[in-house]
Amino acid sequence: MLYSKKERINWIDQLKGFSIILVVYGHNLPFVDIYIDSFRIPLFFFSAGFFHPSLATLNIIKKRAKQILIPYFLWSFLLFIFWFFIGRKYGDSTSLDLSASKNFLGIFYAQGGHEYMNWGITMWFLPSIFMSFLIFEFVRRLKVIKHQIVSLLFLISLGFLISRIFKTHLIWSVDVSLVSLFFYSSGFYLKDFLFTNKSIKYELVLLLLFFIIYLISAINTSENIDMFRSNYGNEFLFLFNASIGICFWVLLFRKLKTFKILIFFGKNTIPVLAMHIRVLTLIKFFMILFWTSKSFEFSELEKIILVFLQLIIMYPVIIFINKKAPILNGKNKVLETRN
């Protein structure tokens, strides 16, 4: 039995919504951070692979650039301006010797941690996923599937080698994009199977996968997994662990009923990515105003409550953006109509 177009969009958008909420939660430093870090970013790359076109024409490449890079640069300039006039004067930024010029260059470099992107480190993901799209499209131009697979294996290995041997970070996180081809290409090659096969018997498998990913997460903790910083621990365990996590959550969301709130945030990942840290800053500001003795050492329950507060605050802002400035969400109606 085939999925209808609506069903396909719903469960994928729910998956993306869940992923972006995990990003928000993860930046509140929960105790399960080791577990969710093992798959949350790979899950984004995997789901992005679903939408890779069978053949990307020049117009499609231009459209994808407009959908990803224009909102990236717009948000980055806005976040930098906020940081330059306000953000760097408060909180943890005051204890860092940060260069305004380096942080401005960081908008174009899209790498470098606090030294270059103290205004919004999370924005690294947008240029990186665009590079994954672009690199994979070049691989797809190879006519023979075996040649595609060999090329992908070479590029993925190169991404790991750059971080392990040369210990450098490339502009637009291209080294991370190379590694992410493992997940991005898997999403592309598996999409037909996932869209058309509804008869997978997986209730017990879900529990088994959950146990395995938790177990492997505990094993692969010699260093915290962080794709942005190219920290993978054991590379093979990282790929295996992330794949198990992706399998678990993809199978689960194929089975779940529709949750409109997850679909909403799944369709609006760019504004959430850009705003959630600043919204947390706003919440802390009001905490200082009304609870001056309150420290920022939160319990796990408080961290979950913070996530809900962040989402509640962002919800009307996202609606406003979609109505008045859709370009900030990669949804410029004028551009989409012309293409």
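These are my notebook entries on helix packing, the nonpolar core and a few single residues in a predicted model.

**Entry 1: the core.** I began with the largest nonpolar core, which has 101 residues, and I noted that F39, W119, M123, F125, F238 and W249 are those with the most contacts inside it. I then took F39 by itself and listed what it touches beyond four places in sequence: F18, L22, I213, A242, G245 and W249. W249 therefore appears in my notes both among the core residues with the most contacts and, by the cut-off of heavy atoms within 4.5 Å, as a contact of F39.

**Entry 2: α4 against α7.** I looked up helix α4, residues 58-85, and found that its axis comes within 9 Å of that of α7, with a crossing of roughly 165°. Angles over 145 degrees count as roughly antiparallel, so I recorded α4 and α7 as roughly antiparallel to each other. The crossing in which α4 passes α7 is left-handed. On the α4 side I wrote down I61, R64, A65, I68, L69 and Y72, and on the α7 side L126, P127, I129, F130, F133 and L134. Sorted by class, this contact of α4 with α7 has 11 nonpolar residues, no polar ones and 1 charged.

**Entry 3: α7 against α9.** I next followed α7 (residues 125-140) to helix α9 (residues 174-196), where the two pack at an angle of about 65° with their axes 8 Å apart. I noted the crossing of α7 and α9 as right-handed. From α7 the contact takes S128, M131, S132, F133, I135, F136 and R140, and these meet V174, V176, S177, L178, S180, L181, Y184, S185, F188 and Y189 of α9. The classes for α7 with α9 come out as 11 nonpolar, 5 polar and 1 charged residues. I marked F133 in my list, since it is named in the contact of α7 with α4 and again in that of α7 with α9.

**Entry 4: α9 against α11.** Staying with α9, I checked its partner helix α11, residues 235-255, and found axes that come within 12 Å and cross at roughly 30°. Angles under 35 degrees count as roughly parallel, so α9 and α11 went down as roughly parallel to each other. This crossing of α9 and α11 is right-handed. The residues I listed are V179, F182, F183, L194 and F195 from α9, together with F238, L239, A242, S243, I246, V250 and R254 from α11. They divide into 10 nonpolar, 1 polar and 1 charged. A242 of α11 is also a residue that F39 touches.

**Entry 5: two positive phi values.** Which residues other than glycine did I note with a positive phi? A110 has a phi near 55°, and W172 has one of about 60°. A110 sits in the loop between α5 (100-109) and α6 (114-117), while W172 is in the loop between α8 (145-166) and α9. With buried meaning under 20% relative accessible area, A110 counts as buried at 0%, and W172 counts as buried at 17%.

**Entry 6: H114.** Is H114, which lies in helix α6, buried, partly exposed or exposed? Its relative accessibility is 38%, so I entered H114 as partly exposed. Leaving aside residues up to four places away in sequence, H114 touches L96, L98, N103 and I121. I also noted S93, which is 21 residues from H114 in sequence and 8.7 Å from it in space, C-alpha to C-alpha.

Technical notes:
Residues numbered from 1 in each chain as written. Predicted model: local features only at pLDDT ≥ 70, side-chain atom pairs only at ≥ 80, totals over all residues. Heavy atoms only, no water. Core = buried A, V, L, I, M, F, W, Y, C linked by side-chain atoms within 4.5 Å. Buried < 20%, exposed > 50% of the residue type's maximum accessible area, 1.4 Å probe, protein only. Axes fitted to C-alpha atoms, helices over the stretch in contact; angles between N-to-C directions. Helix = DSSP H or I, 4+ residues; strand = E, 2+ residues; numbered from the N terminus. Left-handed = near helix turned anticlockwise from the far one by under 90°. Nonpolar A, V, L, I, M, F, W, Y, C, P; charged D, E, K, R; others polar. Parallel < 35°, antiparallel > 145°, perpendicular 65-115°, else oblique.
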